[in-house]
Amino acid sequence: MNLGMDTSTVAQNVQLALAPVFFLTAVAGMIAVVAGRLARIVDRARVVELALENASKTTEVEKNLRELRYLHLRGRLSNASIGLLTLCGFLIGLTIIFLFLGQEWGLHGQRMAIFSFLAGVVSFIAALIGFLWETVLAMQLFNSNALEVERHIQREGCNGPQAGKSAQP
C-alpha cells in the first residue's frame with residue numbers, strides 16, 4: 001500500500017471528512033446531555049431510596065417504589081442511548097478513516113465509508129429515539145406526582161382541620 005498521496009488528494013479527502021467531523025461534534029454534545037440526565041436520574045434514585053427506607057405509610061412506599069421503577073427504566077434508556085451514541089462516534093470515526101484511505105483502496109474504501117456513515121446515522125437516530133422515550137417517561141412521572149399532590153391538597157381542603165370552620169377576618 002502506497003501512503004504517499006499528492007497534496008490535491010489530501011486536500012480533497014480533508015474536505016470530504018469535514019461533514020463527519022461536524023457530526024462527531026454533535027454526537028459528543030448529545031453524549032454530554034444524556035450523561036447529565038443520567039447523573040440526575042441516579043441522584044434522584046438515591047434520594048427516593050432514602051425516602052423509601054424512612055417511609056411509614058403503605059401509600060408512601062408504593063409511591064416511592066413506582067418512582068424507583070420509572071427511574072430504573074429511565075436510567076436503562078439513558079445508558080442505551082449513551083451506548084448507541086458511542087457506537088455512532090466510533091462508526092463516524094471509521095468513516096473519516098475510510099474517506100482518507102479510500103483513495104488508496106479505491107472503490108472498496110468508498111463503499112466502507114458509506115456503510116460506516118449510514119450505520120452511524122442509524123445509531124444516532126436510535127439514540128435520539130431512546131432519549132425521547134426517556135424524556136417522555138420523565139414527564140409522565142412528573143405529571144403523575146403533580147396530580148397526586150393536587151388530589152392530596154383537595155382532600156385536605158375538604159376534610160382538613162379547617163373544614164367546616166368559618167374564615168377568620
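User: What makes a residue count as exposed?

Analyst: A residue is called exposed when its relative accessible area is over 50%, and buried when that area is under 20%. In this predicted model, Arg46 has a relative accessible area of 51%, so Arg46 is exposed.

User: Why is Asp43 called partly exposed?

Analyst: Asp43 has a relative accessible area of 43%. This value lies between the two cut-offs, 20% and 50%, and therefore Asp43 is partly exposed.

User: How do you know that Asp43 forms a salt bridge with Arg46?

Analyst: The rule asks for a side-chain nitrogen of Lys or Arg within 4 Å of a carboxyl oxygen of Asp or Glu. The closest N and O atoms of Asp43 and Arg46 are 3.8 Å apart, so the pair qualifies. Both residues belong to helix 1, 3 residues apart, which separates them by about one helical turn.

User: What makes Glu67 and Arg44 a pair that ties parts together?

Analyst: Their side chains meet in a salt bridge, with 2.7 Å from N to O. Glu67 lies in helix 2 and Arg44 in helix 1, so the bridge ties together parts 23 residues apart in sequence. Glu67 is buried, at 3% relative accessibility, whereas Arg44 is partly exposed, at 36%.

User: Why are Glu134 and Arg37 both called buried?

Analyst: Glu134 has a relative accessible area of 1% and Arg37 one of 18%. Each value is under 20%, so both residues are buried. The side chains of Glu134 and Arg37 also meet in a salt bridge of 2.6 Å, N to O.

Conventions. Residues are numbered from 1 along each chain as its sequence is written. This is a predicted model: local features need pLDDT of at least 70, side-chain atom pairs count only at pLDDT 80 or more; totals for chains, interfaces and linings use all residues. Side-chain values use heavy atoms; hydrogens and water are left out. Buried means under 20% relative accessible area, exposed over 50%, partly exposed in between (1.4 Å probe, protein chains only). Helices (H or I, at least four residues) and strands (E, at least two) are DSSP runs, numbered from the N terminus.
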